[in-house]
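Student: Could you walk me through the parallel part of this fold in one go? I'd like to see how the pieces sit next to one another, and where the side chains end up.

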Amino acid sequence: MHVRRLGRDLEVGAVGLGCMGLSSVYGPAEDGASVALIRRAVEHGCTLIDTADIYGFGHNERLVGEAIRPVRDRVVLATKFGNIRDARGRPAVDGRPEHVRRACEASLERLGVEVIDLYYLHRVDPSVPIEETVGAMAELVRAGKVRFLGLSEAAPATIRRAHAVHPITAVQSEWSLWTRDMEAEVLPTCRGLGIGFVAYSPLGRGFLSATVERVGEGDRRAEHPRFSPENLERNRRLLGPLRELAAAKGCTPAQLALAWLLAQGPDIVPIPGTRKPERLEENLAATAVALSADEVAALSAAFPPGIAAGARYPEAQLARVGL
C-alpha cells in the first residue's frame, strides 16, 4: 500500500476503510464478518480506519474497537462527533464545548483506546462559533486524548477560521466522479492551508461500481434522491465511458473511479466502504491502476460537476453540509 500524508504530519495508506456500512445502514450486517474484514484491511496495508459515534449509535465504534485491538499499532483511528439525536429523536448537531468533551470520553470508552488519532467534527453546529468547538477539540489534543483534528463537510470560511484556532489535519467530504462539489472552493482552501482531504463515498455509495440496478428495502440509499428509480435510471446512462475505459485497462469500474480520485493529488485519501472481502481487496488494489493525464481528463469530461440526476442527500441532510 502506498503511503500518503494528511496535513503536515499524519501518514496513512493511500486508500482507507469507511466503516459506516458495517452498522446496518445498507441492511443487516454480521459483526464477526465485519471484525474479520477490518483486520483483513489492515493486513493488506490499509491503515486509516474511519468510524463515527453516530454510526449505529455507538455500535460501529465498539465494533471497530474490537477489530483493531490486536493491530492497534498499525491503525490510524479516525472517528467523528457532533451528529446527535435530540430529545424527540430527531437528527441534530451539537458543537458545544461541553459536548465535545463528553463525546470524546464516550468514544474512547467504546473504542477501547487511550487516544484517537484523527478526531473530526462530523457536522458544523451553526449555533456555536467554530472557534469554540475547535478550541475544545484543541484541549483534547493538549490532554493527550486526540492526536490530530479534522472537519467534515465544512465551508471554506469555516475551515479557515477553525485552522486559525488549531491546525486542521484533514477535511472529510463526499467526493467522487459523481459528486464534484468540493473541487470549486473547498479543495483549494484545504491546499492553501496545507490540509489533507479525505473523500468519503468515493464510489458514489456503490453507484460507480456500475453494478447498482436498484436499491432494496432497508437500504438507506432509497432515501437519497439520486437513487430514486427514475433518477437512478438516468444516472446509469452516465456509466458507459467508465465501463469502457475500465475494460481497456483491465480493471473494474470501481478501481478506475478510485484511481481517478488518487490521481487528483497526493493529499487525497479515499475511504470506500464495503462488507465483502473481495470488494475490499478490489478497492485497495486501485492504487496499482495508473492513469495518464489524458485518461484523467477523459473521465473528468464524462462526469462534469453537476451531471448527476438528483441531490446527493435528502433535503434535511443537505441543509447540514457546507456550513
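**A walk across the sheet**

Tutor: Let's start with a cysteine: C190 is buried, and its relative accessible area is 0%. Keep in mind that this is a predicted model. C104 is buried too, again with a relative accessible area of 0%. As for bonds between cysteines, the structure holds 0 disulfides. C104 is in none, and the nearest cysteine sulfur to it belongs to C19, 18 Å away. A disulfide needs two sulfurs within 2.5 Å.

Now the sheet itself. It's an open one, built from 8 strands with parallel pairing, and the order across it is β3-β4-β5-β8-β9-β10-β11-β12. The edges are β3 (17–18) and β12 (268–270); each has a single partner strand, so one side of each is left without a neighbour in the sheet. In general, strands of a sheet pair through backbone hydrogen bonds, either parallel or antiparallel.

Let's come in from the β12 edge. Its partner is β11, residues 196–200, and the two pair in the parallel sense over 3 bridges. One of the residues to look at is F197 in β11, whose bridge partner in β12 is I268. How buried is β11? In β11, 5 of the 5 residues are buried, so the strand is largely enclosed by the rest of the structure. Its side chains split two ways: G196, V198 and Y200 point one way, F197 and A199 the other, and all are buried.

On to β10, residues 168–174, which pairs with β11 in the parallel sense over 5 bridges. Within that pairing, S173 has A199 of β11 as its bridge partner. To get from β10 to β11, the chain passes through helix α6 (residues 186–193), and this β-α-β crossover is right-handed.

Keep going and you reach β9, residues 146–152. Here 6 of the 7 residues are buried, so β9 is also a strand largely enclosed by the rest of the structure. With β10, β9 pairs in the parallel sense over 4 bridges, and S152 stands opposite Q172 in β10. The connection is a right-handed β-α-β unit made of β9, helix α5 (residues 156–165) and β10.

On to β8, residues 116–121, which runs parallel to β9 and is joined to it by 5 bridges. L121 has its bridge partner in β9, namely L151. Here too there's a right-handed β-α-β unit, formed by β8, helix α4 (residues 130–142) and β9.

One more stop, at a helix. S107 lies in helix α3, residues 97–111. Its relative accessibility is 0%, so S107 counts as buried, given that the cut-off for buried is under 20%. What is S107 in contact with, leaving aside its neighbours within four places in sequence? The contacts are D53, E61, T79 and I116. I116 falls within the β8 range of 116–121, so if you're tracing contacts on screen, S107 gives you a handy link from the helix α3 back to the sheet strand we just left.

Methods. Residues numbered from 1 in each chain as written. Predicted model: local features only at pLDDT ≥ 70, side-chain atom pairs only at ≥ 80, totals over all residues. Heavy atoms only, no water. Buried < 20%, exposed > 50% of the residue type's maximum accessible area, 1.4 Å probe, protein only. Pairing = 2+ DSSP bridges. Right-handed = clockwise from strand over helix to strand, strands pointing away. Contact = heavy atoms within 4.5 Å.
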